[in-house]
Amino acid sequence: MTWWKCSNCGYVFEAEKPPEKCPNCGEICTFYDVTCYTPECGCQGYDPKLVARRPNEESRF
Ligand SMILES: [Zn+2]
């Protein structure tokens with residue numbers, strides 16, 4: 001399973017594929033993959049650093 005973050009409201013959820021509409025805000029928006037791929041870091045499936053990142057910082061990453 002993959003963790004996704006809604007670019008509109010910031011809602012984080014687990015799903016196999018990102019839905020067409022956000023389950024929280026109901027908007028059709030972009031979803032960012034925030035899954036943590038480092039099992040030994042001890043986080044709950046998603047990476048807090050990726051969740052905290054804002055969409056407009058994407059280009060600087
Ligand atoms: Zn949303």
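The following dialogue examines how the terms applied to this predicted model are justified.

Colleague: What are the conventions behind the model?

Modeller: This is a predicted model in which local features need pLDDT of at least 70 and side-chain atom pairs count only at pLDDT 80 or more, while totals for chains, interfaces and linings use all residues. Residues are numbered from 1 along each chain as its sequence is written, and side-chain values use heavy atoms, with hydrogens and water left out.

Colleague: Which residues coordinate the zinc ion, and what makes an atom a donor?

Modeller: Donors are N, O and S atoms within 2.8 Å of the metal (3.2 Å for Na, K and Ca); water is not among the atoms, so sites may look incomplete. The SG atoms of Cys 6, Cys 9, Cys 22 and Cys 25 coordinate the zinc ion at 2.3 Å, which is within the 2.8 Å limit, so they count as donors.

Colleague: Why is the arrangement around the zinc ion called tetrahedral?

Modeller: Four donors count as tetrahedral if all angles lie between 85 and 135 degrees; four count as square planar and six as octahedral if opposite donors are over 155 degrees apart and all others between 65 and 115, and anything else is irregular. The four donor atoms here subtend angles of 104 to 116 degrees, so the arrangement is tetrahedral. Ideal angles at a metal are 109.5 degrees for four tetrahedral donors, and 90 or 180 degrees for six octahedral ones.

Colleague: How are the donor residues spaced in sequence, and which parts of the chain does the pair Cys 6 and Cys 25 tie together?

Modeller: The spacing of the donor residues is C-x2-C-x12-C-x2-C. Cys 6 belongs to strand β1 (residues 2-6) and Cys 25 to the loop between β2 (12-15) and β3 (31-33), so this pair ties together parts that are 19 residues apart in sequence.

Colleague: How is a strand or helix recognised, and in what order do the elements run?

Modeller: Helices (H or I, at least four residues) and strands (E, at least two) are DSSP runs, numbered from the N terminus. The chain has one helix and three strands, in the order β-β-β-α from the N terminus on. Helix α1 comprises residues 48-52 and includes Ala 52.

Colleague: Are Cys 6 and Cys 25 buried, exposed or partly exposed?

Modeller: Buried means under 20% relative accessible area, exposed over 50%, and partly exposed in between (1.4 Å probe, protein chains only). Cys 6 has 1% relative accessibility and therefore counts as buried, whereas Cys 25, with 27%, is partly exposed. Buried residues make up 26% of the 61 residues in the chain.

Colleague: What makes the pair Lys 49 and Asp 47 a salt bridge?

Modeller: A salt bridge is a side-chain nitrogen of Lys or Arg within 4 Å of a carboxyl oxygen of Asp or Glu. The side chains of Lys 49 and Asp 47 meet at 3.6 Å, N to O, so the pair satisfies the criterion. One salt bridge is found in the whole structure. Lys 49 is exposed at 65% relative accessibility, while Asp 47 is buried at 13%.

Colleague: How do you know that Thr 35 and Asp 33 form a polar contact?

Modeller: A polar contact is a pair of N or O atoms within 3.5 Å; within protein, one must be able to donate a hydrogen and the other to accept it, and residues adjacent in sequence count only if both atoms are side-chain atoms. The side chains of Thr 35 and Asp 33 are joined by such a contact at 2.7 Å. The side chain of Thr 35 also reaches the backbone nitrogen of Trp 3 at 2.8 Å. Thr 35 is found in the loop between β3 and α1 and is buried, with 8% relative accessibility.

Colleague: Why is Lys 5 called buried, and what does its side chain reach?

Modeller: Lys 5, in strand β1, has 11% relative accessibility and so counts as buried. Its side chain reaches the backbone oxygen of Arg 53 at 3.3 Å. Contact means heavy atoms within 4.5 Å; leaving aside neighbours within four places in sequence, the contacts of Lys 5 include Tyr 11, Phe 31, Val 34 and Val 51.

Colleague: What makes Val 34 buried, and which residues does Val 34 contact?

Modeller: Val 34 has a relative accessible area of 1% and is therefore buried. Val 34 lies in the loop between β3 and α1. Beyond four places in sequence, the contacts of Val 34 include Trp 3, Trp 4, Lys 5, Leu 50 and Val 51.
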